[in-house]
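Work through the exercises below with the structure in view. Try each task before you read its solution.

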Amino acid sequence: MTETTSSERLPIALRTEALEQLLTERGLVDPAVMDKFIQMYETAVGPMNGAKVIAKAWTDPEYRARLLSDGTAAIAELGFKGSQGEHIVVIENTANTHNVVVCTLCSCYPWPVLGLPPSWYKDPAYRARIVREPRAVLAEMGLELPAETEIVVRDSSSEVRWLVLPERPDGTDDLSEEQLAELVTRDAMVGVAKVEAP
Amino acid sequence: MRTTGDLGGAEGWGQVKTPTADEPVFADRWESRAFALALLSMGRVSGRNLDAFRHAQQRLKRPEYFDDTYYGQWLHAAELMLVDSAILPPGAVEARARRLRGEDVEEPPVPEPNKPNYAPTGPGSLRSVDTPPRFAVGDAVRAKDMQPQGHTRLPHYLRGHRGVVDLVQPAAVLPDTHAHFLGENPQYVYTVRFDSRELWGADAEPFTLTGELYESYLEPVT
């Protein structure tokens, strides 16, 4: 990207390999440390963490109250913290109000509870349009909201990170906390979907 | 002026992508390597100055920002930071990439590093400040119509518009100076509520939008 001498753009995979080689040769980067980072975000940090938070909030009213008043601390109770989770605010979706989260400036996302963002969240179309015509965008994504539902779009323009507490679906009174966690999706915790009963 | 990645309200992007439940974290191996390289490079260069990394993203040209997907953008930004601090000479990655595919190109010599003089006063971005917040919940405010030359986290589409303070968030380092290694200048952050018609005109879909705005981005509305 700097001092490019020809108009041809090199394949990004090749560029990545080149940068890894250059930094590794000079001892600035250790490929084994890279492997650990990657493995952590592929296996340990992801929406299954957020799903546990939500299921606990659905089954434990005191936890729910703590989660809504100090999201970061209540989430840390379950062991989830770290990069991109310094200050997490949890906001509740109800029959009347529907929150949906975006980062128009880059792709800020609450990593400790949701992992790395999915492609639709990083996509320019979502970042550009959800702050301008959220009802239309949500409908395109498969979520038709009643006309009377108030939509609140949350643009993550600072280090504050938002996590949506979705509505617990009807007909799930008999499910355990673990079974409920399996119903909670990443998309519902960003606010582009609702949690469906099994 | 709208920077490349300041996309709120931008037109012409077409349909959004439909979410899929089983999308892998990384679509390809190189994405995972670029992700880890960018995170580690950030640390090498600047003691994890995330704002400087975001500023590098803001300075990318459109093809670098959009054409190699998200982690390509990360890789280009990491490269830019490494060249800024003379960890790598300009053209080093290009030359190595060409050698990797068998071309006989000379690699530029490794320069004397020139890392920014930077020591964060604490981990992360949250800081405590001695003064009380300038604004309170319920205050009418306007996002300043700023046109900064350097980094900012004030989205273009909010500038000049009126809103109401909804929440007072903890103080945090100011990206506008921090990204340039010009000091942390911590200040309160406010969740400000805007009406869609204030932002997009009378014909807009009715909805509420909130953004988190640093104290110096706001002015009182009297």
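Two strands pair if DSSP finds at least two bridges between them. Helices (H or I, at least four residues) and strands (E, at least two) are DSSP runs, numbered from the N terminus.

This is a predicted model, in which local features need pLDDT of at least 70, side-chain atom pairs count only at pLDDT 80 or more, and totals for chains, interfaces and linings use all residues. Residues are numbered from 1 along each chain as its sequence is written, while chains are lettered from A and ligands numbered from 1 in the order in which they are written.

**Exercise 1. Strand pairs in chain B**

Task: Find how strand β2 (residues 162-172) of chain B and strand β3 (residues 187-195) of chain B pair, then follow V189(B) to its partners.

Solution:
- Step 1. β2(B) and β3(B) pair in the antiparallel sense, over six bridges.
- Step 2. V189(B) in β3(B) stands opposite Q169(B).
- Step 3. β3(B) also pairs with β4(B), again in the antiparallel sense, over seven bridges.
- Step 4. There, V189(B) has Y214(B) of β4(B) as its bridge partner.
- Step 5. Now turn to strand β1 (residues 140-143) of chain B. It pairs with β2(B) in the antiparallel sense over three bridges.
- Step 6. In that pair, R142(B) faces R162(B) of β2(B).

**Exercise 2. The sheet across the chains**

Task: Which strands form the open sheet, and in what order?

Solution:
- Step 1. Start where the chains join. β3(A) and strand β4 (residues 208-214) of chain B pair in the parallel sense over four bridges.
- Step 2. One bridge there links V153(A) to L209(B) of β4(B).
- Step 3. Now read the whole order: β2(A)-β3(A)-β4(B)-β3(B)-β2(B)-β1(B)-β5(B). That is an open sheet of seven strands with mixed pairing.
- Step 4. The edge strands are β2 (97-102) of chain A and β5 (218-220) of chain B, as each pairs on one side only.
- Step 5. From one strand to the next, the twist averages 35°.

**Exercise 3. Chain B as a whole**

Task: How many helices and strands are there in chain B, and how is the chain divided?

Solution:
- Step 1. Chain B has seven helices and five strands.
- Step 2. From the N terminus on, they run α-α-α-α-α-β-β-α-β-α-β-β.
- Step 3. Along the principal axes, the C-alpha atoms fill a box of roughly 65 × 45 × 35 Å.
- Step 4. Domain 1 of chain B covers 29-100 and domain 2 covers 140-220. Such bounds come from an automatic or database domain assignment.
- Step 5. The C-alpha centres of these two domains of chain B lie 28 Å apart.
- Step 6. Six residues of domain 1 of chain B are in contact (C-beta atoms, placed from the backbone, within 7 Å) with five residues of domain 2 of chain B.

**Exercise 4. Two helix packings of α1(B)**

Task: At what angles does helix α1 (residues 29-46) of chain B meet α2(A) and helix α4 (residues 69-84) of chain B?

Solution:
- Step 1. Fix the terms. Axes are lines fitted to C-alpha atoms, for helices over the stretch in contact, and angles run from 0 to 180 degrees between N-to-C directions. Angles under 35 degrees count as roughly parallel, over 145 as roughly antiparallel, 65 to 115 as roughly perpendicular and the rest as oblique.
- Step 2. The axes of α2(A) and α1(B) come within 9 Å and cross at roughly 110°. The two helices are therefore roughly perpendicular to each other.
- Step 3. On the α2(A) side, this contact is made by V33(A), M34(A), F37(A) and I38(A). Residues on the α1(B) side include F35(B), L39(B) and L40(B).
- Step 4. α1(B) and α4(B) pack at about 25°, their axes 9 Å apart. These helices are therefore roughly parallel to each other.
- Step 5. In this second contact, α1(B) gives residues including A34(B), F35(B) and A38(B), and α4(B) gives residues including W74(B), L75(B) and A78(B).

**Exercise 5. The interface**

Task: How many residues of chain A are in contact with chain B, and which element gives the largest share?

Solution:
- Step 1. The contact joins 66 residues of chain A to 69 residues of chain B.
- Step 2. α1(A) gives the largest share of the chain A side, twelve residues.

Definitions and conventions. Contact = placed C-beta atoms within 7 Å.
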